[in-house]
Amino acid sequence: MNPAAVRADCAADPAGTLTFDLAAPAVRPASVLLLRRRGAAGGRPGGTVRLPLAGAGPGRLRAVLPASAELSEGRWDAYVEEPGFDTARTVEPGLRDLRALVDRSPDTRGASVRARVPYPTADGRLALRCWARAPHAEAGAVVVGTAGVRVEGVLYGVAAGEGAAVEARLPGDPARVHRFPLSSAGEASGGFAFTLPYAPPAAGPVREAQLWQLWLVPAAGADGVRISRVLDDVWSRHRSFVYPGRPAAPGVLATPCYTADNDLCLRLEPASETG
C-alpha cells in the first residue's frame, strides 16, 4: 500500500447515507475527506465536497455523506485534505458494506432520485459513482424473448399518462426512432412495463454494432426519461449483467445490455461479429 495513502471502510444505510471510516492515525486534526468530481468539472463550482473528519475510536476517523447532499452526476474521487499540505492524500478502498442499497426504494413523492455507490477504481483508489435523475425510470426485470425483450420498472418523479410509450433511439441519427406503447402502467405505484420488438430497429442497415438507447416518454408530447438501473450496489453493469442475444433480422443479432453508466440499451450487431 502507498504509505501516503489512507484506507477507508464504507457503509450505507437504506436512505442512501454513506459513512466512511478511515484507518488513519497519522492524519492531522481539522483534516477533511475531499470528494472531487473527475475531469474538468472538479474545478468548477460544486465540483468538490469537503466532509469533516471526526474521531471514531483509536486510530479511526469518520466522515458522513448525507443522503440529502447534492452531488452532480458523474464519478467522484476521494482524498484526505490536511491543513498545511498542498497535496491531498489518496484514499484506498477497504471493506464496503452496501447491503442496504440493494433494491432500494426512494420516496416516490420526490421529484428526483439520487444514488451513490462507492467502488474501487482500476488503479486501486476509492471513488463514488453518483447519479442525479429528475425524473427517473428505474429498470427492473429484463426478460429476453424470441421476438422482443420485456422490461418492467418503476417511474419516479412523474406519472405515466395518456400516450405513454417507450422509444428506442439511435444516437447521432434523429430519424432512427422507434416508439412502442407501454403495455401496463400503475400510476399509484409508478410501475411500468413494455415489450420492445427486435425487428423494427433491425430493419435498417446494421453494418456494424449499434447501441440503441431506451427512453420512457410518460405522456404524448412529454420529454423522454432515460431508462437505467441505479438503485442498488452495482456501480457498473456493463460487464456484470449479460443477457443472451436473439436473431432480430437475417444476419442481425439483438442483445439487451447496460452501459458502463447503467443505462439500458439494445445492442444490434451483424451476426458474424459475434463469432
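Begin by selecting C130 and C10 in this predicted model. The sulfur of C130 lies 12 Å from that of C10, the closest cysteine sulfur, and this is too far for a bond. Display the surface around C130 next: with a relative accessibility of 0%, the residue counts as buried.

Now select C265 together with C257. The sulfur of C257 is the nearest cysteine sulfur to C265, at 5.3 Å, and C265 takes part in no disulfide. A disulfide would require the two sulfur atoms to be within 2.5 Å, so the separation of 5.3 Å rules one out here. C265 likewise counts as buried, because its relative accessibility is 2%. The structure as a whole holds zero disulfides.

Move next to strand β3, residues 32–37. Which strands should be shown with β3? One is β4, residues 48–52, which runs antiparallel to β3 and is joined to it by five bridges. To find the register of this pair, select R36 and look across to T48 in β4, which stands opposite. The other is β7, residues 74–81, also antiparallel to β3 and joined to it by six bridges. In this second pairing, V32 stands opposite E81 of β7. While the side chains are displayed, recall that in a regular strand they alternate between the two faces of the sheet.

The pockets come next. For the largest pocket, select A15, A67, R104, V113 and R114, which lie nearest its centre among 13 lining residues. The space inside amounts to about 190 Å³. By class, its lining comprises six nonpolar, three polar and four charged residues.

For the second largest pocket, of about 150 Å³, select D103, R104, S105, E138, A139, G140, G153, V154, Y156, R229 and L231, which form its lining. Which strands each supply at least two residues of this lining? They are β11 (136–144) and β12 (148–156). Four nonpolar, three polar and four charged residues make up the lining of this second pocket. R104 deserves a separate selection, as a residue listed in the lining of the largest pocket and in that of the second largest.

Finally, colour the model by pLDDT. The mean for the protein is 90, and 92% of its residues reach 70 or more. Where is confidence lowest, and where is it highest? Strand β15, residues 184–186, has the lowest mean, 59, whereas strand β17, residues 210–217, has the highest, 98. Where pLDDT is low, the predicted coordinates should not be read in detail.

Technical notes
Residues numbered from 1 in each chain as written. Predicted model: local features only at pLDDT ≥ 70, side-chain atom pairs only at ≥ 80, totals over all residues. Heavy atoms only, no water. Pairing = 2+ DSSP bridges. Helix = DSSP H or I, 4+ residues; strand = E, 2+ residues; numbered from the N terminus. Buried < 20%, exposed > 50% of the residue type's maximum accessible area, 1.4 Å probe, protein only. pLDDT = per-residue confidence, 0-100. 1 Å grid on protein atoms, 1.4 Å probe; cavity = no way out; pocket = protein on both sides within 12 Å on 5 of 7 lines; lining within 4 Å. Points joined across faces, edges and corners; volume = space filled by probe spheres on them. Nonpolar A, V, L, I, M, F, W, Y, C, P; charged D, E, K, R; others polar.
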